[in-house]
Each structure stands twice: as C-alpha cells, then as structure tokens.
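Reader: Before any term is accepted, I should like to see the rule behind it. Please take the ligand site and then the domains.

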Amino acid sequence: MPLDPTPVPDELRGLRVALLVSGGIAAYKVVDLASALTQAGCQVRVAMTSSAMRFVGPATFMGVTGHAALTGLWTADGSPEPHVSLGDWAQLILVAPATANVIGRIASGRSDDIVTATLLAARCPVVVAPAMNDAMWSKPAVQENLGTLRHRGVTVVEPESGRLASGHSGTGRLAGAQAIFAAMVHAVRTRYDYAGRRIVVTAGGTREPIDPVRFISNYSSGKMGFALAAAAADRGARVTLVTAASHPIHHGIEEQHVDTAEEMLAELRTQLRGADVLLMAAAVGDFRPARTAKHKIRREETPSLTLQLEPIPDLVATLAGDEALAGVFRVGFAAEDSDLDAKGVEKLKRKGLHAIVANDISRRDIGFGSEYNAGVLLFADGARHELEKATKREMADRILDLLLPKLQR
Ligand code: CTP
C-alpha cells in the first residue's frame, strides 16, 4: 500500500508530538502518520495501550520514529515516571486511533495505563481521533464522553463514513491524514502562536581570554536570553540558543555554547540561515586582549601587566550587512543607565536592527543578575511600547506578543 502522500503542514514541523495509540484496527494507519510526521521534522514519541499492541508492535513505531515506544507505566526508559516525562515533554498530544474504551477512560480521569496517565500528566493541547464500529460511535455514552472532552478543550477529529472493519458501512473510520493534520494545526495555532518559526536567541556575556585561565567579561547573567528562549519554545518556535552563559535548559531548545564574540559570530552565521528572528540578548564584549598568552601568566615573572585591548566588531551590525540573512528580523537589547529612548533609537539605526529593547540598568531592582527587568521596546517603524517591571519570563512573553504582528508570513 502506498504511503499516505498528504503533506505535513509547516506549522507542525519541529514540534514534539506524543502519539498515544489505543487498540483498534486503525492503529496500522497511525504508523503512516508517525512516519510522515517524523519525516517532516517532528519529534514523535509513541505510547501504546496493551490492546494497541495486539494490532501493531512497538518495534514498528520504533522503526518509523527512531525511538522506543512506551508500552506500560513501569517500562524503564531511564525515567521512573515515563508518563510524567512524556507529558512534560510533549507540545502536542495526538490520541489515534482513540477507541470508545480509551475515550471513556480519558473522560473519567483514569490513569491506569501509560496512555491515560500521560494525558493526565500533560500540559499541552490534545487532539483525539476516534475510530470504532458505527454502532459504538452512535451510542450516547460515547458521544457524551466526547462532549466532555470537547468541553475540556480537547480537539476531536470526527471519524469518516465508509466501510468498517466489521464489514458494515457507517461512521467510525479513522479520519484521513489531512483532517488529522488540520486538527493538529488548529490545536497548535490556538496555543502556539510561534509554531513554524525559527528563532535564534543569544545569551550571556562573551568571554575573551587573556591566558588559558583568565578572561575579560561582563556582569550579564544570561537570564533574559534564557527566558526569551524558553518563552519562544513554549509558544511553539524552534529555538536555538547561542549562549556564553550556562543555566538549566528548557525542553526542546537546541543549545550552542560559545565563549568569545568571534565564536558567537561564527555560530550565528550558521544558525541564522533560514531563521525568522534573531533575539540578540547577549552582552557581547566591545574590547578583547590584542594577544592571548599561550601559557598561564605567572605572578613571580610578571611584576606588572598592561593589557592592550582591541575593539570587537559589532556582531549584529555585521550580520545586518550579510545579504543571505536579510530575511531575519533582528532585535537588539541595550542596557542603558539614562535616556533609554534616545540611546535605543540611535543604536537601532546604527546597528541596522528592526527593533530594540532598551532596559534601565540604573535601577537596582532590575537588570543584571536580577529575576526582573523593565524598559522600552522600540521598533524601526517608530512604534514604542513601555515594558513595565516584570519577571524576565513575563517580559519575554510580552516582547514576543509585540513582535508577532511585525513578522511577515
Ligand atoms: N552587540 C553586538 N556586538 C558587539 C556589542 C554589542 O552585536 N560587539 C549587540 C548586543 O548584543 C545588543 C546590542 O548590540 O543586542 C546593544 O549592545 P550594547 O552593548 O548596548 O551596544 P554597544 O554598541 O556596545 O554600545 P555601548 O557603547 O553603549 O556599549
């Protein structure tokens, strides 16, 4: 049988999808769905009920997704609570095929197997694609259970009419790939307004070596960059964080660690190809030692030390001049101690940015190292938005809210 040729919509690319399979004959069609999603760049992890395994083996899903399918609450995948890890990890859950039994169990809040427990532990949108015999489909119990799920925000993909496995004709066939993908896009769009976007974020203060053990850097903690990366990832973007700082990293973010401004520039040149947005929150150094000593500078041998510094090129201004990256919406961040608006506008123009966040480092309650930030977001088209004092994560979400309408497509 040829593979279902339905193309996977762009909005789903790169998403982390948990595919929960229950025990119906349509489970064999879901193998094709898992394969199509994987080939389109989604990360797909499968969990199966014990009846699902009577129709399709976990090895089949492992073959198409490249990852072992979870088959029980107690199976070891390295984590003691596979349902919690899978629920936490997923950005979207698809239950397909969803039998009358699993629909009833989800509606009643059961958590006695890997499928139902994952749903209870999840925080992401859920799409349910029922498939069953037509008589079962028409029963008030099933319809009431589906009503309960819809009421709780679950997206239900109506089954199709046609020939059923029982030999009857009627409603109950698993919806086609196109309808299932459309429902997934709908669920994703309402929750993930950055789905399908690629965002590169920089964070931390770059480090310029003096010798193998010493460096010049600045007070940047990298917290704003990490908050931006987490917010963008939670809203469905594919995020790469190019960072000179180290903090625990959020699920699904690709991290590239760099030290120097030069390393950051090289990494950005690679990562920005095909990206939609650059959020340049890193505090890039302005000067670096003109020479780096090969060996540790010894105190006894060095009565006094003068460091000669040379300027570091402006990374965002350099990237703005690169034609291959012209489609990237560039947002700078400026830490200022006075005249936020005037200095912000001047830097925006000088660095060829589309927008800049100027934040006030004269206030002791915000900025460097703090959990809080405040400032102003200025766009090249003259728009100006006050960013009230908020946690860095709240400010990150506010910046993303204001940015979205400015992005083309
Ligand atoms: N930036 C950069 N390359 C540098 C310095 C800064 O890309 N060598 C970027 C920062 O990442 C930030 C923006 O430019 O997004 C503003 O940084 P800031 O330090 O405020 O700008 P400077 O040009 O260094 O101005 P100042 O003289 O105030 O330090």
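**Ligand site and domain contact**

Author: The ligand is surrounded by 15 residues, the closest being Met280, Ala282, Phe333, Lys347 and Lys351; a residue is near a molecule if one of its heavy atoms lies within 4 Å of it. This is a predicted model, in which local features need pLDDT of at least 70 and side-chain atom pairs count only at pLDDT 80 or more, whereas totals for chains, interfaces and linings use all residues. Residues are numbered from 1 along each chain as its sequence is written, and side-chain values use heavy atoms, with hydrogens and water left out.

Reader: What makes the pair of Val316 and the ligand a polar contact?

Author: A polar contact is a pair of N or O atoms within 3.5 Å; within protein, one must be able to donate a hydrogen and the other to accept it, and residues adjacent in sequence count only if both atoms are side-chain atoms. A backbone N or O atom of Val316 lies 2.9 Å from a ligand oxygen atom, so the pair meets the rule. For Phe333, a backbone N or O atom is 3.0 Å from an oxygen atom of the ligand.

Reader: Which parts are called domains?

Author: Domain 1 (10-189) and domain 2 (198-407) divide the protein, with bounds from an automatic or database domain assignment. Their C-alpha centres lie 41 Å apart.

Reader: How many salt bridges are counted between domain 1 and domain 2?

Author: The count is zero; a salt bridge would require a side-chain nitrogen of Lys or Arg within 4 Å of a carboxyl oxygen of Asp or Glu. One residue pair across this interface is in polar contact, both at pLDDT 80 or more.
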